[in-house]
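Student: Before we begin, could we work through this structure slowly, with each conclusion tied to a computed value?

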Amino acid sequence: MNNQKYDTIDATTQICQSNMSNNLLSKNITEQMQEEAEIQIRDKKKVVDYNTIEYPIEVIVQKYLKGLDDDSNELFIQDYQRAMIWDEKRQSKFIESILLGLPIPYIYVADISGEATDENLLETKDLARLEIIDGTQRIRTLANFINDDLCLQDLEKLDKL
């Protein structure tokens, strides 16, 4: 596990602020307006705290599938997320990448443990839930594959599957 804190004002942000300053000046923005904008940015900046944890795919899919029917799964997809749009060919290519040992992007989740959204749920202290922020297509593809709901097709490297 890798526990790190990052201040949002890093080198990248400083470059963006420099570019913003140039853009503001080219649009007849006064120095006072620019200074006020920079103060607001400094006041509103946040410290982002995150953990990097590696789980076996089976564990990730289990956390997603267990309780899916009654919306009590530990790893869940919020309603605002788009529905499954990957076709079987794209899902197959993703699975092929995993089988070949290629690196895949992280799945980003937000820990909402203790945040009750339904009066019928257990007490808030008993909730342990992770909302998938980025990676819903990948999670659903993994679940489809593990549940034998995905027929691999048009693989480029693993043509014997």
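Student: Is Lys93 buried, partly exposed or exposed, and what is its relative accessibility?

Tutor: Since the model is a predicted one, every value here is computed from its coordinates. Residues under 20% relative accessible area are classed as buried and those over 50% as exposed, with partly exposed in between. Lys93 falls in that intermediate class and so counts as partly exposed, its relative accessibility being 27%.

Student: Which residue forms a salt bridge with Lys93, and how many residues apart are the two?

Tutor: The side chain of Lys93 meets that of Glu156 in a salt bridge, with an N to O distance of 3.0 Å. Lys93 belongs to helix α4, while Glu156 sits in the segment after α5 (136-146), so that the pair links distant parts of the chain. Glu156 is itself exposed, with a relative accessible area of 59%. The partner is thus Glu156, and the separation along the chain is 63 residues.

Student: Why does Arg129 count as buried, and with which residue does the side chain of Arg129 meet in a salt bridge?

Tutor: Arg129 counts as buried because its relative accessibility is 9%, and the cut-off for that class is under 20%. The bridge, at 3.4 Å from N to O, joins Arg129 to Asp71. These two lie 58 residues apart, Arg129 in the loop between β4 and β5 and Asp71 in the loop between α3 and β3 (75-76). At 45% relative accessibility the partner counts as partly exposed, and that partner is Asp71.

Student: What distance separates the C-alpha atoms of Ile95 and Arg138?

Tutor: Ile95 lies in helix α4 (residues 88-99) and counts as buried at 2% relative accessibility. Arg138 is also buried, with a relative accessible area of 9%, and forms a salt bridge with Asp134 in which the closest N and O atoms are 3.1 Å apart. Although Ile95 and Arg138 are 43 residues apart along the chain, their C-alpha atoms are separated by 9.1 Å.

Student: Which residues are closest to the centre of the largest pocket?

Tutor: About 1,000 Å³ of space lies in the largest pocket. Its lining divides into 17 nonpolar, three polar and four charged residues, with β2 (47-52), α3 (57-65) and β4 (108-111) each supplying at least two of them. Of the 24 lining residues, those closest to the centre are Asn51, Thr52, Ile53, Ile107 and Val109.

Student: Which residues make the nonpolar surface patch?

Tutor: One contributor, Ile133, is found in strand β5 (residues 130-134) and is partly exposed, with a relative accessible area of 39%. The patch covers about 490 Å², and its members are Tyr80, Tyr106, Tyr108 and Ile133.

Definitions and conventions:
Residues are numbered from 1 along each chain as its sequence is written. This is a predicted model: local features need pLDDT of at least 70, side-chain atom pairs count only at pLDDT 80 or more; totals for chains, interfaces and linings use all residues. Side-chain values use heavy atoms; hydrogens and water are left out. Patches are made of residues with over 30% relative accessible area and no salt bridge: like charges are joined within 9 Å, nonpolar side chains (Val, Leu, Ile, Met, Phe, Trp, Tyr) within 5 Å. Accessible areas come from the Shrake-Rupley method with a 1.4 Å probe; for residues, only the protein chains shown count as cover. A salt bridge is a side-chain nitrogen of Lys or Arg within 4 Å of a carboxyl oxygen of Asp or Glu. Helices (H or I, at least four residues) and strands (E, at least two) are DSSP runs, numbered from the N terminus. Buried means under 20% relative accessible area, exposed over 50%, partly exposed in between (1.4 Å probe, protein chains only). On a 1 Å grid over the protein atoms alone, a cavity is a set of points where a 1.4 Å probe fits but cannot get out, and a pocket is an open set with protein on both sides within 12 Å along at least five of seven lines; lining residues have an atom within 4 Å of a point. Grid points are joined across faces, edges and corners, and a volume is the space filled by probe spheres set on the points. Ala, Val, Leu, Ile, Met, Phe, Trp, Tyr, Cys and Pro count as nonpolar, Asp, Glu, Lys and Arg as charged, and the others, Gly among them, as polar.
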